[in-house]
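Here is a short tour of one protein model, written for someone meeting it for the first time. Take a look at the sequence and the structure, then read on.

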Amino acid sequence: MIHVNTNYCKGCLLCVEYCPKKVYVKSEKLSKKGVFPPEVKFPENCIRCHLCELMCPDFAIIVEDKNDK
């Protein structure tokens, strides 16, 4: 499961750009901060490489491995 904390996200969309499986798209809804955060559009494509977590400068993304609870 992928969690995007829109309260932390500043809308840089590095996750959208760097995701090798194109899991994210730019949301059409503004967040409370007035930015367009990423939206997890294709979670089934996620290979849990955690690249989006590493690229996110705001620590707004958490990718859980299947065994995480």
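Which residues does Cys15 touch, not counting residues up to four places away in sequence? Cys15 touches Tyr24, Pro38, Cys52 and Ile61, where contact means heavy atoms within 4.5 Å.

## What you are looking at

This is a predicted model, in which local features need pLDDT of at least 70 and side-chain atom pairs count only at pLDDT 80 or more, while totals for chains, interfaces and linings use all residues. Residues are numbered from 1 along each chain as its sequence is written, and side-chain values use heavy atoms, with hydrogens and water left out.

The predictor's confidence in each residue is called pLDDT and runs from 0 to 100. For the protein chain its mean is 94, with 96% of the residues at 70 or more. Helices (H or I, at least four residues) and strands (E, at least two) are DSSP runs, numbered from the N terminus. Among the elements of the chain, strand β2 (residues 24-26) has the highest mean pLDDT, at 98, and strand β1 (residues 2-4) has the lowest, at 96.

## The core and its cysteines

Cys15 also belongs to the largest nonpolar core, which has 12 residues. Its other members include Ile2, Cys9, Val23, Tyr24, Cys46, Cys52, Ile61 and Val63. A nonpolar core is a set of buried Ala, Val, Leu, Ile, Met, Phe, Trp, Tyr and Cys residues joined through side-chain atoms within 4.5 Å. Buried means under 20% relative accessible area, exposed means over 50%, and partly exposed is in between (1.4 Å probe, protein chains only).

How many disulfides does a search of the whole structure find? Zero. A disulfide is a covalent bond between the sulfur atoms of two cysteines, and the cut-off used here is a pair of cysteine sulfur atoms within 2.5 Å. For Cys12, the closest cysteine sulfur is in Cys56, 6.0 Å away, so that is too far for a bond. Cys19 has its closest cysteine sulfur in Cys49, at 6.2 Å, again too far for a bond. Cys19 is buried, with a relative accessible area of 9%, whereas Cys12 counts as partly exposed at 36%.

## One salt bridge

Side chains of opposite charge can pair when their charged atoms come close. The structure holds one salt bridge, meaning a side-chain nitrogen of Lys or Arg within 4 Å of a carboxyl oxygen of Asp or Glu. Lys10 and Asp58 form it, with their closest N and O atoms 3.8 Å apart. The pair links distant parts of the chain, 48 residues apart: Lys10 is in the loop between β1 and α1 (14-18), and Asp58 is in the loop between α2 and β4 (61-63).

Are the two partners buried or exposed? Lys10 counts as partly exposed because its relative accessibility is 45%; Asp58 counts as buried because its value is 19%. Leaving aside neighbours within four places in sequence, Lys10 is in contact with Lys33, Val35, Pro57 and Asp58.

## The loop between β2 and β3

Val35 sits in the loop between β2 and β3, and so does Ser31. Val35 is buried, with a relative accessible area of 18%. Not counting residues up to four places away in sequence, Val35 touches Cys9, Lys10, Gly11, Lys29 and Leu30. Ser31 counts as buried too, at 12% relative accessibility, and with the same kind of neighbours left out, Ser31 touches Thr6 and Pro37.

## The loop between β3 and α2

Now for His50, which is found in the loop between β3 (38-40) and α2 (51-55). The side chain of His50 makes a polar contact with the side chain of Glu53, at 2.5 Å. A polar contact is a pair of N or O atoms within 3.5 Å; within protein, one must be able to donate a hydrogen and the other to accept it, and residues adjacent in sequence count only if both atoms are side-chain atoms. Beyond its neighbours within four places in sequence, His50 is in contact with Val63 and Asp65.

Arg48 is found in the loop between β3 and α2 as well, and counts as partly exposed at 26% relative accessibility. Not counting residues up to four places away in sequence, Arg48 touches Met1, Val63, Glu64, Asp65 and Lys66. A polar atom of the Arg48 side chain lies 3.3 Å from the backbone oxygen of Glu64.
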